[in-house]
Each structure stands twice: as C-alpha cells, then as structure tokens.
Amino acid sequence: MNLKATALFGLLVSISSQTAGAAVDRVDPPNWWVGMSDPSLQLMMYGNDIGSGSLVSKSGDVTISQVTRGDSPNYLFVDLTIDASADPQTVEFLYTAPDGATSEVSYLLQARRENSSDRQGFSARDAVYLIMPDRFANGDTSNDTVDHLHESADGQHPYGRHGGDLAGITKNLDYFTQLGMTQLWMTPVLENNQKDSSYHGYAATDLYRVDARLGSNADYVELSRGARKRGIGIIHDFVPNHIGSEHPWMYDLPTNDWINRDAEFSPTNHRREAHQDPYASDFDKEEMITGWFVPTMPDLNQQNPLLATYLIQNIIWWIETADLSGVRVDTWPYNDRTFLSAFTGRVLAEYPNMSIVGEEWSMNPATISYWQKGKQNHDGYDSGAPQLMDFPLQQAIREAVNEEERWDKGLVKLYQVLADDFLYPDPMGLMLIADNHDMTRLYPGVDENFDRYKMAMTFLATTRGIPQMLYGTELLMNAGPNGDHGRLRADFPGGWSGDRIDAFKGKGLSDDVAAAQDFISKLFTWRRDATAIHNGELLHFAPRDGIYVYFRFNEEQRVMVVMNNEPNTVHLDSSRYAQGLAGTTRARNVLTGDRYKLADRIRIPAKTAQVFELD
Ligand code: CA
C-alpha cells in the first residue's frame, strides 16, 4: 500500500466540530478540482439533523448558489460555483446548526492532472481484457477478510469472496502486455458490503470507496498508474441504475423518491425494446425503467435531479481520481433516458475523447444502434454513447464456427451481422465480445473445439471494432455449457499462492492450454501494431463454398483474412478478390511468417482463419 497516497485520501475532507451540536459527518464527492469545464458542483452533506442548518463559504472563489434540503433531516445538498480562475485550495465552510452551534467543514479543491481533459479513450486500436477482481489474483492476503465488512473470504464457495484484489492485478500487469491487451475492464471495484454473494461488485454500498477486500482507493490509483506506464488504460464499470440493498441510503433515504417503486422491490419486465417500440405502452416503458433487477439491487430514480447529479459527479470523480480511459455502463437501457443523455453529455463536455460503452444486451442491431451517439432516431432521441457492446456479433461468431456451411448457416452469419452496420453512426465504436462474465465462456461455447476457438478469436481480432475477452479465455477456461455465474467466474490459475498451475509463468499448463495462450498472445501482439485493423476500411466478400474473405486496409497496411469453415483444405483462387488485393501480389502469414505468391493459390487448411499482410 502507498502510505503517502493513503494519507492524502484521509485528508480530503476534514470536518471539525467546535460544539456538540449537529455537524456534517460526510461530504460527497469527497474532493473536487479547479479548472473543470463546468464550474458547478453539488455537494451532498450528511450528518445527524444537519438539514435545517445553514452554510457559508469563506472562500471568495467558491459561491454557494443554492442549498436544498432532503426529505430526511440528515442531508443537505449544496450547489456551488467555482470561479474559473480559482487556485487549488482548501475551502472552509462555516456550518451553523439550528441551535446556533457552529462547525467548520474543510473541502479540498485540487489541481487536475496534466492534460486531463484531453485524455484518450479506448478505440479499435485497443484490445480489452475483462477481469473480475475477486477472481483474478490475490496480491494481499491480509485483506481477504475485513472486520467492518459482512462477508468473509470463502474460496471454496462459487458465490463467495475468494480474496482476489487490486494488488494482485497490479502485480501481474506485465502479463496483459504479453497477451497484447491494451485496456483492462474490471467489474466494479466499489464497496459491496452485502450480506452474501457480494463478490461480483454490482451492488454498491459506497460509491466513493473501493471495497476494502479489493484494496483502497489509493491501490486503485496505483494500479491505474502502473497500467498507464505500460500503455494500458483502465475502464471503470459504472452502475448508475442500482445500488446494493445494504447501501446506507436504504436506511435513511435522502428524499422519498430516491428509489424507484417507493423503495420496495418490484421487478423490471426486461422488455428493453420498449424504448424504441412505436407502439409501446406507458405501462411497459415505466416498468422496464423503474422496475428492479433483483430485490438486493434497489433501482435508483434518476429523474430526481439531486440523484442524477450525484451519479454524474461520481463518475467524473473516478475518471479524474483514477485517471481512467473509459467507462463501461452496466444495464444501459434500464436507466432513465434523460439521465443517460445528461450523463454522456456532461462527461464528454469534460473529456471530449473519453470512451463510454453501453451494455445493451440485444440481438437486434437496430435496437443497439438506437443508442449510439449521433444516430438519427425516429423519436429524435440521442443517448450520446460513443460505444456499445456488439451482442449480435458475439452470437454470430459462435454460430458461424459451430455450424456446417449452408446458404443460411455458418460464416454467412458474420457477413449478415456486418451488413447491418449501415444502422450505426460509428461501427468502429462497437465492442466485440468473445465472452464475458455473464455468459457461457467461449471454449465450451464452441464445443471445446480448438479449431473453432482459434477461428472465432482470429475473427474477433481482425474485423471492425474493439475486441474484448474475458480473463482465462486465453487458457480455454471452461465452466461447462450452462454459464453458471459462480463457476464461470472461476479463479485464474496462478493467482493464489499454492496454485498447482501458474498461467502467469506458464507452469503446469496442458499442451492445449499452452498453445491457446501462445496463440492469443501472438495474435493480439500483432494486432497491437496493425494500423489497418485499428482504423482501416473493411471490405468483405459474401461467403461462398465455406470460404469467407475480407480485407482491412489503410494507406500504410493491407490485410487479408481468409476463413475456411469446411472440413477440408482449400487452395485460394484469388481472382475473385481483386478489389481487395488492389494489385498486391505477395502475402505473409502474420502468425507463422510464411510467405506466398498470391498467384500460387495459397493453401488454407480446414477449419482455420488465416491472416495475411499483403504487398
Ligand atoms: Ca486479498
């Protein structure tokens, strides 16, 4: 742990009460910055009976424009305007309780990181590795069980806390570089002090604190710093739709309408297309957005402007604090639509090149494209999300390699999903998914067939968009075909002391697993420098006789990918592909280094995808 950083975090808010009267115990956000593009800031102050008190700013640079009480007597919402020329400083507020007792609240306004607003998000240049921090590597066994948090470590229980943490990820940053990965998406790292099954992180009980079993806020900053040094960005999993049922708000609601459905469980209908459906009833739309996922995840009412502001400031705080490169937004269409636009608008105003990827788990490209920034929609809505997850292509990849070739089966599935790209303002902004933490892993998803696995991953690495892979997919990790969450989120081998298999060091791996890891590493290391894949055009030829050929090209590089889904070798007749070849005559296989003359009909083995650089 970094002691200096820990001390800093401890000092962000220092609150001193000069009398025994009502006093402010907590302020969210815990600090802020000068020089933000939006000069406004709303503080949520919490303390026993503080709601009827008053507040005065002692700083000439910070003006209180409005103070709003909650329905609970224990909250005060304070709207501030920070002068554009303000220097970093500690702002002193004088709080006066109803009985006249006074106390001081110190609030830190820091300098921003250099070039913070110009930070680059992720893009098709990148490959994203998805980690569930509790299940990846245990870098600090002293935090496996923490006194003040409910759940203790239980490594044997599929739904228990296993002890993985941020220190374990930091320790293994070089592994991601070896794999050719350039972004880490961690499932949520915030405190989830739920009574059970809290390991997944989607039921936050403090939106400003890393779960102590994963580490500290300082550890998160340290992880991000280490990753940045290696050219790896950090994607924060943002869950604005819901909190955990043990969040302190559930015991003291700031306002009566803070939680949807009067703070009582009432399920969502999961009819996500109600957003786009021209015939949708108000009942369905309302139930979709305000219904809860599960009883342990109360659904936030983002139509409440105080809460909407709280959530938007929260993600800006994490971007600035943890130096993030991107935001992944959980359960995208379950959020309030107006909130989504306001959130993306504010984040992109502050960080114009930031990435925000929404999780709309639909198999219909029309539905997904509705949400992409710049889409001309029938109802005039624009959510402002630059990136979205591509679930239609995720499904198509598995079908394509699993099915025998026919007119309407096999590789044509890939071709057809891509043909729908005209719906998207920016198809390159789609995140392609080999697998994630909510679905059957790729290897069992292709019937444990290594050839199919390699074809799927080769396609993922070379078609348009931003490839993303779940941790352990490079090791053919396999939790069976039913996608049981606890099992598919198994511990990464080598992350725990005493592990017989250590995939970080390549120890104890079976031949198949070692071959898979080597394959992924070679493929994505090549991709890291392949500019035609990062920003090039895509040109493809309709699959025929089990062969699908496509090209990626820009001014400096031309790549040809040949997928052979037949059970026999073919020799490529390149005459059909003249448009993609563009006069090139030679090809080099990017994984084997073998060189060919295109006129010689390159041999494409059965059930393979071959990648060639052309010249
Ligand atoms: Ca640990």
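In this predicted model, ring pairs tie ten aromatic residues into a cluster: Tyr46, Tyr75, Phe77, Tyr208, Tyr220, Trp249, Trp258, Tyr310, Trp317 and Trp318. Across the whole structure, a search turns up 37 aromatic pairs. One of them joins Tyr208 to Tyr310 in an edge-to-face arrangement, with the ring centres 5.8 Å apart and 80° between the planes. This pair bridges distant parts of the chain, since Tyr208 belongs to strand β13 (residues 206-210) and Tyr310 to helix α6 (residues 305-322), 102 residues apart. Tyr208 has a relative accessible area of 4%, so it counts as buried, the cut-off being under 20%. Tyr310, at 5%, is buried too.

Another pair brings together Tyr548 and Tyr550, and here the rings are tilted: 5.2 Å from centre to centre, with 45° between the planes. Both Tyr548 and Tyr550 are buried.

Rings also meet charge in this model. The charged end of Lys454 sits over the ring of Phe450, 4.7 Å from its centre, and also over the ring of Phe519, this time 5.9 Å from the centre.

Then there is the calcium ion. Its protein donors are Asn138 (OD1), Asp140 (O), Asn143 (OD1), Asp144 (OD), Gly163 (O) and Asp165 (OD), at 2.3 to 2.5 Å from the ion. Along the chain, these donors follow the spacing N-x1-D-x2-N-D-x18-G-x1-D. The angles among the six donor atoms run from 63 to 162°, and the site is irregular. For six octahedral donors, the ideal angles would be 90 or 180 degrees. Two of the donor residues can be placed by accessibility: Gly163 is buried at 3%, and Asp165 is buried at 0%.

Notes:
Residues numbered from 1 in each chain as written. Predicted model: local features only at pLDDT ≥ 70, side-chain atom pairs only at ≥ 80, totals over all residues. Heavy atoms only, no water. Donors = N, O, S within 2.8 Å, 3.2 Å for Na, K, Ca; no water. Tetrahedral: all angles 85-135°; square planar, octahedral: opposite > 155°, others 65-115°. Buried < 20%, exposed > 50% of the residue type's maximum accessible area, 1.4 Å probe, protein only. Phe/Tyr/Trp six-rings, centres within 6.5 Å; stacked < 30°, edge-to-face > 60°. Helix = DSSP H or I, 4+ residues; strand = E, 2+ residues; numbered from the N terminus. Lys NZ or Arg CZ within 6 Å of the ring centre and 35° of its normal.
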